[in-house]
Amino acid sequence: MNGLILTVNDGALVLNTTTFAVYAASSSLTSNPISIIGTNVGDIDTTGTNGHGLYATNSGLGNASTSISDGSITTFGSAAHGQLAWISNVLSNADAITTINGGSTTSSGGGAHGAHARTDSDTSGSAVATMTSGTVTTTGSGSFGIRAYSSSTSGSGAATATINGGTISTTNTGSDGLNALSNGSGTAQTNINGGSVTTQGNVAYGAVSLILDSSASGTASSNMTAGTVETNGDTAHGLYAENNGTGEATVSQSGGTITTAGTSAVGLYSLISNTSSTGQSSTTLTDGSITTSGSSAHGLLARTDGTGSAMSTMSGGTISTSGTGGFGLFSYANNTSSSGSVTSSMSGGSITTTNTNGVGLFSQNFGGGRCHNLLVSRNDFHLRPYRSGSLLFGVLCLFPGNRVGNYERWHDRNRRP
């Protein structure tokens, strides 16, 4: 059927099925959209593999969209998403859109996301997953709260996952709160503008943006302006962006609260993983708070394995680390062939480290580029490193061979460099 808009608005509706509960599809090469609007979906339960609650797919040239505003969706099977919107035509420049405006979505199978927007477009079609209210709970491994996925290496469309309100909770390994993956030249982006995200499993990030294809030129970007993120597993970063293509990886926080409890669980982490990439890795904190308690759990970490630069910047907000080897700001170049610089810069806010080997600002460069730490003091500026550990530096640079370098500049309104 072409141009289908299917509205589900029956609070007394009860559906129990082993396959899709509500399904709409188009196979015509027209620009007509396929849309499922769950004003009140009642009680939808599915038990089978790929048994999605709401499923809209378009192999034509129009959009595919799903939404829920009230009621409940529960899925028990593997890869059984609460919502799935899928553009399957590689020639389409239309968008796949999933929206959670209320209600509750629960999944228990592996790889079963609360809401999943996917495009296979080789052109400019995008995947957009958005949450404004309601609750999402996933208990299976690799099961994300909301996910946006642009699969084509030839596509230029973005993959964007955003939470503006509501609650996301995941409890298993590798189950991110928000996940955006782009394989083409489009941006992979996650945004936390409100609401709460909690993960319990190891390697379960609050929000992650990924570009994994080595030829992709897009930017991986994770951002937070408000809300709360709490992760409890090891290597479960608060916000994470990784780019294995040729573009940049950026992570920023301008408000809200991030708390991590596991080993090596960083607050803000950007990574260039392509060893040939000249793209920049950057993390930025302008406001909000970051608290980490695990060992080697840094506040900000900008890392490059490529040949470009890495930069961690703080101009406001607070960072507190209480685990062994927990740095406030950490910038790191891991490529011995690189000539890129590493820079950790603090111009405002507060950093406190309270355990052994806790460093306020730490930059490390294994390549031939420069190692910078920029420390600008103001009235609202506070740096307090731990003072009884075996290694104590408020500010530290390391070059190849672990040679210790001085920070580049100190400025205080009452002192001159």
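User: Before we look at any residue, what do buried, exposed and partly exposed mean here?

Analyst: Happy to start there. Buried means under 20% relative accessible area, exposed means over 50%, and partly exposed lies in between. Keep in mind that this is a predicted model. Now take Leu91: its relative accessibility is 64%, so Leu91 counts as exposed.

User: Where does Leu91 lie?

Analyst: Leu91 sits in the loop that links strand 9 (83–87) to strand 10 (96–107).

User: Which residues make the nonpolar surface patch with Leu91?

Analyst: A patch groups nonpolar side chains within 5 Å of each other, from residues with over 30% relative accessible area and no salt bridge. In this structure, Leu91 joins Leu29, Leu61 and Val90 in a nonpolar surface patch of about 380 Å².

User: Let's turn to Thr199. Is Thr199 buried or exposed?

Analyst: Thr199 has a relative accessible area of 0%, so Thr199 is buried. This threonine belongs to strand 17, which covers residues 188–199.

User: Which residues does Thr199 touch?

Analyst: A contact calls for heavy atoms within 4.5 Å. Leaving aside residues up to four places away in sequence, Thr199 touches Thr170, Ser175, Asp176, Gly177, Ala204, Tyr205, Gly206, Glu230, Thr231 and Asn232.

User: Now the charged pairs. How many salt bridges does a search of the whole structure find?

Analyst: The idea is a side-chain nitrogen of Lys or Arg within 4 Å of a carboxyl oxygen of Asp or Glu. Searching the whole structure gives two salt bridges. One of them pairs Arg118 with Asp120, whose closest N and O atoms are 2.9 Å apart. Another joins the side chains of Arg303 and Asp305, at 2.8 Å from N to O.

User: Which of these partners are buried, and which are partly exposed?

Analyst: Let's go pair by pair. Arg118 is partly exposed because its relative accessible area is 23%, whereas Asp120, at 12%, counts as buried. In the other bridge, Arg303 has 22% relative accessibility and so counts as partly exposed, while Asp305 is buried, with a relative accessible area of 14%.

User: And the whole chain: how many helices and strands does the chain have?

Analyst: The chain has 35 strands and zero helices. Of its 417 residues, 58% count as buried.

User: What share of the contacts comes from residues 24 or more positions apart?

Analyst: Among contacts with a separation of 6 or more, residues 24 or more positions apart account for 78%.

User: Finally, how do I read the exposed area of the chain?

Analyst: Look at the total and then at the atoms that supply it. The chain exposes about 14300 Å², and carbon and sulfur atoms supply 46% of that area.

Notes
Residues numbered from 1 in each chain as written. Predicted model: local features only at pLDDT ≥ 70, side-chain atom pairs only at ≥ 80, totals over all residues. Heavy atoms only, no water. Patch = residues over 30% accessible without salt bridge, like charges linked within 9 Å, V, L, I, M, F, W, Y side chains within 5 Å. Areas by Shrake-Rupley, 256 points an atom, 1.4 Å probe, with all protein chains shown as cover. Helix = DSSP H or I, 4+ residues; strand = E, 2+ residues; numbered from the N terminus. Buried < 20%, exposed > 50% of the residue type's maximum accessible area, 1.4 Å probe, protein only.
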